[in-house]
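Let's take a relaxed walk through a protein chain. Have a look at the picture below, and then we'll pick it apart piece by piece.

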Amino acid sequence: MIIGYTSGVYDLFHVGHLNILMSAKKHCDYLIAGVSTDELVAQYKNKKPVIPFEERVAILSAIKYVDEVVVQDTLDKIAAWHKYKYTLLFGGSDWETHSQIISVKQELEPQGVRIMLFPYTQTTSSTILTNALLKL
């Protein structure tokens, strides 16, 4: 069985989130989605999500492409691999320039884990939606 893993904040759930989940599910039998806690988001994005953690978990749990929703309280993809033993790690192409990707690839690829990045949806993002809401 091919286990896939992806994670994110999933704040103000939008088509970009849906695109990644749909694309990921096409490549695995079982898709695990990690949802960042409010505390983690505050720590690394220095802001609070608009939608509370429990509601974001409920939204992801209702998405037919997601087989399991888990708590993401750390950004450590290697720790997640140890816990969930995924064979595919999915993300958006915006992650390609993230400094963490190099160490994740170096450690996980020898374990047989492939990393797949899908095109980032340029027209919609939680940041764009949040900014639009603030202007109202």
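## Starting with one helix

Let's begin with H5: its buried residues are Ile101, Val104 and Leu108. Here "buried" means under 20% relative accessible area, "exposed" means over 50%, and "partly exposed" is in between (1.4 Å probe, protein chains only). Looking down the axis of H5, you'd see these buried residues fall within an arc of 65 degrees, so they line one face of the helix. That arc is taken from the directions that run from the helix axis to the C-beta atoms.

What about the other side of H5? There, Ile102 and Gln106 are exposed. The cover over the buried residues of H5 includes H4, S4 and S5.

## Where this model comes from

This is a predicted model, in which local features need pLDDT of at least 70 and side-chain atom pairs count only at pLDDT 80 or more, while totals for chains, interfaces and linings use all residues. Residues are numbered from 1 along each chain as its sequence is written, and side-chain values use heavy atoms, with hydrogens and water left out.

## The whole chain

How many helices and strands are there? The chain has 6 helices and 5 strands. Both are DSSP runs numbered from the N terminus: helices are H or I with at least four residues, and strands are E with at least two. Going along the sequence, you'd read the pattern β-α-β-α-α-β-α-β-α-β-α.

For 136 residues, a compact globule would have a radius of gyration near 14 Å, and the chain agrees with its 14 Å. That radius is taken over C-alpha atoms, and the globule rule is 2.2 Å times the number of residues to the power 0.38. The C-alpha trace spans about 50 × 30 × 25 Å along its principal axes. Of the 136 residues, 43% are buried. If you take contacts (heavy atoms within 4.5 Å) between residues at least 6 apart in sequence, 77% of them join residues at least 24 apart.

## The sheet

Now for the strands, which form an open sheet of 5 with parallel pairing, in the order S3-S2-S1-S4-S5. The edges are S3 (68-72) and S5 (114-118), each of which pairs on one side only. From one strand to the next, the twist averages 25 degrees. Two strands count as a pair if DSSP finds at least two bridges between them. As a bit of background, strands of a sheet pair through backbone hydrogen bonds, either parallel or antiparallel.

S1 (residues 3-8) and S2 (residues 30-36) are parallel partners over 6 bridges, and threonine 6 has alanine 33 in S2 as its bridge partner. S1 also runs parallel to S4, joined by 2 bridges, with glycine 4 opposite leucine 88 in S4. Moving on, S4 and S5 run parallel and are joined by 5 bridges; here leucine 89 is matched with isoleucine 115 in S5.

## A covered strand and its neighbours

S4 is mostly covered, with 5 of its 5 residues buried. Leu88, Phe90 and Gly92 point one way from the strand, while Leu89 and Gly91 point the other way. Together, S4, H5 (residues 100-108) and S5 make a right-handed β-α-β unit. "Right-handed" means that, with the strands pointing away from you, the path from the first strand over the helix to the second runs clockwise.

H4 (residues 77-84) lies across S1, S2, S3 and S4, running at about 140 degrees to S1. Such angles go from 0 to 180 degrees between N-to-C directions, and the axes are lines fitted to C-alpha atoms, for helices over the stretch in contact. Which residues of H4 are buried? They are Lys77, Ile78, Ala80, Trp81 and Tyr84. Down the axis of H4, these fall within an arc of 155 degrees, so they line one face of the helix. They pack against S1, S2, S3, S4 and H5.

## One exposed residue

Finally, find glutamate 54 in H3 (residues 53-61). Is glutamate 54 buried or exposed? Glutamate 54 is exposed, because its relative accessible area is 57%. Its C-alpha atom and that of glutamine 111 are separated by 33 Å, and the two residues are 57 apart along the chain.
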